Amino acid sequence: MSALSAFAFYPVWALALLVGFVSLRLGRSRGYALPLLCFAQGVWVTGLVLFATPGTSHIAEHLLPSGLVQAAGFVHAAEALAPRPRRKLVVGAWMATGAVAALGVAAPRLFYGPGARGMGPAFLPLAILGVVTAAAMLAYFAARARRATGDERRNLLALLAAAFLGCLGGGGAIAVFILGLGPLWIAAPLMLGSTLIAAHATLGREQGKARALVQSGIVYAVITAGVSAVFVTAYALALPYLVPAQGSLLTFAAGALAVTFFAALPVDPLRQIVVDWIGRRVARDPIGVRDLAEAVDRIEVRADQAERLAEMGRIASAVAHEIRNPLGVMLAQAKILERRGADPETLADLRREIASARRFLDDLLRYGKPRPLDLAPVEVLPEVTRAAESARAAFGDLAPPVDVTGDAALVAELDRAALGDVVKVLVHNALVALSTAGERGRVTIDVAHEGDEAVVRVTDDGPGVPVEIEPRLFEPFVTGRGRDASHPGTGLGLAIAARWTERHGGSLRHERPPSGGARFIARFPLVARVVNASPMDQNRAS
C-alpha cells in the first residue's frame, strides 16, 4: 500500500476518537455505549493507519482482527436505546469478539499470511462465523426497529445502517484485501459513514442540555483542532530560528523547552480567545469560558428567583387560608340577607365580588404553588379540542366560535392537565378580547408538528394586546382588564400558562398577525426536557 493511503484513514480515526472522548466527558443519559463503540472503531482504524505506513505494517497485522470488536459495540449501542437493556447479551458480545481479537494479537498467522495477504488456516471458519454473526446482528436490529415507534425506531434504523457500513468497512474490507480483490483504503469511507451515523443515532437519545452540550463539545473540539493546527505548524516552522543551533543535543532540547514554555504563555490565551470567538458564531450553544460564566450567573439569578417564588407560594397559601374562611362566611350571610328580603341587585353585586376574590385566590395558588408535572404520551389535537370547547362553554352561549385544526397524529410527552390549562387560558383571553371590543370575530387554533416540538397557535381577530403592556405580558399581575370590566382579570392567567410551557422545556410567546388581532404560540417538546418538579417544588420539599 502507498503511504498516502494512511491519510485516507486519519479523518475516520480522528472522528471516532473525537466523538468517543466528547461523549464520555459530556454525555449523561446513555452511559458508555457510544464511547466504547467509537474506541473500538478507533483501534481498528489505528491498525489500518499503521498497516498503510511503511515500517509499521508488521505491528498492524496484530491489530487488524480487532475490527470484529465493532460488532459488540453496535450491539451495546442498540441495547442502550432499549428501555430495559439485556446486559448478558452485551457482555457476551464483548467477550466473544474480544476473544477473537486477542487471538489475532497473539497469532495473526492463523488468519492470514505475511503482509495480510493470503488465507491462514482459521480464515475460512472465521469468515463464515463473521458473516453469520453480522447477518444475525443486522436481523436483530431490523426486528427491533419494526417493533419500535417514533424516535426509538428512527435511531434503531440509523444504527442498522451504521452497523451495515461497519461490517463492510471492518471484516468485509480486510477479507477483500486478504484475498487480493481490492485495496484496503476502501474501508475509510465506509467507516467514516458508520461512525457519523452511529454517533447521530446514539447521541439522539441525549436530551435537553446534555445533548446540546455534547454537540457543542464536538464543534469546539473541531474548532480547537483547526486553530491549534495553525498555531503548532507556525511554531514548528519558527522554532529552528528561535533556538540556537550551536551546542549539544541537550543544550538544544533545553533551549527548545524554554522557548516553548515562554511562547505558550501568551499563545494559549490567544488560542482560547480565537476558539471562543469562532464558537459563538458557529455553535448553537456556546461553551466558551465566558459563556459558561454567564450561564452560571443566569442560573444563580434563577435560583434566587425560585427561592423568592417558593416564599411567595408559602405566603399565598397562608393568605388563601385566611381569606377563604371569611369569604365563605360572607356567602352564608348573603343567603341569610336574601331570605330577609335584601335588595337582589345588591346581593348579586356582593356574590360577584366574592366570586372574583375566590378566582383571584385560585389563580394565586396555581401560580405560587404549582404541582409536579404528570408526564405521559398525549394525543395533542384531541386534548386541545376538549380544552377549547370547555373554555368556550364556560364563557357562555354567546361566545364566538372556536375552530381547531391540525395534525391529528401528533403525540407528545406532556402533562395533560397543564396542556388543557394553557389552552383554556389562551382561548378565554381571546374570547374576552372579542366580546370586550364588541367584535363578532373568530378564534382559530392550529396544532402542528415542527421539528421536535408540538406547536399550538391560538389566534383571534380582536383588537389585539395593548402596546403598553406587551413587554410585560407574561409577568404576574399584568392585565389589560381592570376589576370593573365585564370580565375582570387577575393578571395571572398568562403567567401561569407561560410557566406550564417553560416547565415542559417549551415556551409561550405573543405576536401580532398581519391582519390584526393577537396570536399566542405555545411550544412543547415532544419529549419533556425538564425534571418532574420545579425549583419551587424542590425548595418546598426541602
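The following questions and answers look at aromatic pairs, an accessible side chain and a sheet in a predicted model.

In this predicted model local features need pLDDT of at least 70 and side-chain atom pairs count only at pLDDT 80 or more, while totals for chains, interfaces and linings use all residues. Residues are numbered from 1 along each chain as its sequence is written, and side-chain values use heavy atoms, with hydrogens and water left out.

Student: Are the rings of Phe21 and Phe39 stacked, edge-to-face or tilted, and what makes them so?
Tutor: Rings of Phe, Tyr and Trp (its six-membered ring) pair if their centres lie within 6.5 Å, and planes under 30 degrees apart count as stacked, over 60 as edge-to-face and the rest as tilted. The centres of Phe21 and Phe39 are 4.9 Å apart and their planes stand at 50°, so the pair is tilted.

Student: Is Phe141, which pairs with Tyr140, buried or exposed?
Tutor: Buried means under 20% relative accessible area, exposed over 50%, and partly exposed in between, with a 1.4 Å probe and protein chains only. Because the relative accessible area of Phe141 is 0%, this residue is buried.

Student: How does Phe39 count on that scale, buried, exposed or partly exposed?
Tutor: The relative accessible area of Phe39 is 22%. Since partly exposed lies between under 20% and over 50%, Phe39 is partly exposed.

Student: Which residue in E7 is the bridge partner of His510?
Tutor: Strands are DSSP runs (E, at least two residues), numbered from the N terminus, and two strands pair if DSSP finds at least two bridges between them. E6 and E7 pair in the antiparallel sense over five bridges, and in E7 the partner of His510 is Phe520.

Conventions. Helix = DSSP H or I, 4+ residues; strand = E, 2+ residues; numbered from the N terminus.
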